[in-house]
Amino acid sequence: MRKTNLLYLSFLFLLVTSCKKWVEVTPVTQIEDKDFFANEQGFKEALNGVYLNMGRVAQYGREFTFGMADVIGGMYVLNTSNGSQAYRDALAGLYTATGVQGITTTMWQNQYNSIANLNKLIEELDKADTNLFKPRNYRIIKGEALGLRAFLHLDLLRYFGTSIAAGGAEKAAIPYVEKYAAVVTPRSTHAQVLVKIQADLEKAAQLLQNDPILTGETITTDMDNGYLMNRKLRFNYYAVKATEARVNLWAGQIEKALPAAETVITATAKFPWVAQASVATSDVNRDRVFTTEHIFGLFVNDLAKNYVDLLDTSRFSTTLVITSARVTEQFETNTVGASDYRNVYLVRNVTNVASPKIFFGKLYQPNGMPVDLSKRVPLIRIPEMYYIAAECLKETNPAKAIEYLTTVRSNRGITAPLSSTLTAVQIQDELRKEYRKEFPSEGQMFFYYKRVNSTSVPGVSGAYPTARYVVPLPPAEVEFGQ
């Protein structure tokens, strides 16, 4: 990976200008590490900068969630009247088109800049005097940083690498960057990247043994100014275990994916299912992202601005829409979906305008939303752990797999039971249906289709070619030997 690490200081400066300490240090070209990392607050601000960066448009503030990732995952109905030219080209597999390359290049660059920030933070932590930190903060900050490094690399791998199912294990995939240095990091094979992700997650889990979300300790604002509150907005212990489940399922290692997923499932009381009353309420008070179920999510201050011309207006031809026919098919409204919360409360049918359109409304931000519901982007939620466990058990214990699926469905208002005699193939098909209902605006469908090497993707006519699942590296990366 070329030059990305060199951008650390300038990017972090832009991201944490609200942090008084950073603004007061010497100009960005002369910043001394000893100034910024002289105390615990500097380390906290450096990590906060990563979370802020992750909420940018090129990352989870749009493109890795409801933007490019959902476009190529077939989540929208695109034509010459809907979706930008770049998005339409991307769905058609024209990844070398200028507009598409512009988006995917910024996705790559921003993701690696977040990784560079993490690497700098980890290196400084390794050199730091632990006496600078309040009890457990050192281990928690380092655990979060290592876990985030694994999480960010995993999405790059799933996006730009050839999947295991398509024979990609020994193919060059992406650089796994572990050092903050002005050197080129060569690409590792897909299998090598997986090993490095798993190693970082294992270290993170060890470091986060005293995470309050795991121990159950109540944190108040008078304890270190509430630094360890709101753990669902940080890469906490259960986010590590959930990412372990994701990466091991991606690797085809169900013997590792299942216990990781079930570790989180056993803690469902910490991530309770959203109550119908919380979604069957007024527009302004509706918990559209099911905040109680978040294992890990981001606070994205510019969320409304990021999506307004794509998911919340009929004025632009760039809007990302669905159709009534798609709603009927995707949510099975003629059979089980008429009472499904995800259909009834999260699909926005905008009819009071000249050109009525239908949008996924999960991220809709009406004026006056309560602070604890607004500007939230979910990155991992509890139902995914049930889906992963069900997939792992479909061959060996189909009854348990069906039980896991039924738990999610019943907590989405679906009362129709699944057949107790479903085969493994039929369970997988039910999982595919569930992923499509559960994950609009979260960027997960492209990864699902790619992982199972599906020959069919909604919105793409004919058989979906395997080669289309591999998004090319940015041209500059190829030019410089990646």
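These are my notebook entries on a few places I looked up in this structure, which is a predicted model.

**Entry 1: helix α11**

I started with α11, residues 237-250. I checked the length first: at 1.5 Å a residue, its 14 residues should span 20 Å, and the end C-alpha atoms are 20 Å apart, so the two agree. Next I asked how much of α11 is buried. The count came to 14 of the 14 residues, so the helix is largely enclosed by the rest of the structure.

Then I looked at the two ends. At the N-terminal end I found a cap from N236, with a side-chain oxygen 2.8 Å from the backbone nitrogen of Y238. After the helix comes G252, and I noted its positive phi, near 80°.

**Entry 2: aromatic pairs**

I looked up how many aromatic pairs the structure holds, and the total is 30. One of them is formed by Y237 and Y238, so I stayed with those two. What is the geometry of the Y237 and Y238 pair? The centres are 5.3 Å apart and the planes make an angle of 85°, which is edge-to-face. I also checked accessibility for both. Y237 has a relative accessible area of 11% and is therefore buried, as the cut-off is under 20%. Y238 counts as buried too, at 5%. Y238 is also the residue whose backbone nitrogen meets the N236 cap, so I have marked that spot for a second look.

**Entry 3: the β2 and β3 hairpin**

I moved on to strands β2 (residues 347-350) and β3 (residues 357-360), which pair in the antiparallel sense over four bridges. They form a hairpin with six residues between them. Across the pairing, R348 stands opposite F359 in β3.

I then followed R348 to a ring: R348 lies over the face of Y364, 3.6 Å from the ring centre. I looked up another arginine of this kind, R468, which lies over the face of Y464 at 5.2 Å from the ring centre.

Back in β3, I picked out I358. Is I358 buried or exposed? Its relative accessible area is 12%, so I wrote it down as buried. Leaving aside neighbours within four places in sequence, I358 is in contact with V347, R348 and N349, among others. The list also includes V321, I322, T323, S324 and V327. As a further check I took V336, which is 22 residues away from I358 in sequence; the C-alpha atoms of the two are 20 Å apart.

**Entry 4: Y60 and a distant partner**

Y60 sits in the loop between α4 (40-54) and α5 (68-72). I checked whether this loop residue is buried or exposed. At a relative accessible area of 2%, Y60 is buried. What does Y60 contact beyond its neighbours within four places in sequence? I listed M54, T65, Q111, F151, L152, D155, L298, V377 and L379. I then followed V377: it is 317 residues from Y60 along the chain, yet their C-alpha atoms are separated by 7.6 Å.

**Entry 5: H190 at α9**

H190 lies in helix α9, residues 190-207. I found it buried, with a relative accessible area of 0%. Not counting residues up to four places away in sequence, H190 touches L157, G161, T162, S163, I164, G168, A169, K171, A173 and W250. I was pleased to meet α11 again here, since residues 237-250 make up that helix and W250 is on the H190 contact list.

**Entry 6: E477 in α21**

I placed E477 in helix α21, residues 475-479. At 5% relative accessibility, E477 counts as buried. I looked for a polar partner and found W108: the two side chains make a polar contact at 3.3 Å.

**Entry 7: positive phi away from glycine**

Last, I looked up two residues that are not glycine but have a positive phi. R136 has a phi of about 75°, and it is found in the loop between α7 (98-127) and α8 (137-160). With a relative accessible area of 25%, R136 is partly exposed. N230 has a phi of about 55° and is found in the loop between α10 (212-215) and α11 (237-250). N230 is exposed, with a relative accessible area of 57%.

Terms used. Residues are numbered from 1 along each chain as its sequence is written. This is a predicted model: local features need pLDDT of at least 70, side-chain atom pairs count only at pLDDT 80 or more; totals for chains, interfaces and linings use all residues. Side-chain values use heavy atoms; hydrogens and water are left out. Rings of Phe, Tyr and Trp (its six-membered ring) pair if their centres lie within 6.5 Å; planes under 30 degrees apart count as stacked, over 60 as edge-to-face and the rest as tilted. Buried means under 20% relative accessible area, exposed over 50%, partly exposed in between (1.4 Å probe, protein chains only). A charge sits over a ring if NZ of Lys or CZ of Arg is within 6 Å of the ring centre and within 35 degrees of the ring normal. A polar contact is a pair of N or O atoms within 3.5 Å; within protein, one must be able to donate a hydrogen and the other to accept it, and residues adjacent in sequence count only if both atoms are side-chain atoms. Two strands pair if DSSP finds at least two bridges between them. Contact means heavy atoms within 4.5 Å. The expected span of a helix is 1.5 Å times one less than its number of residues.
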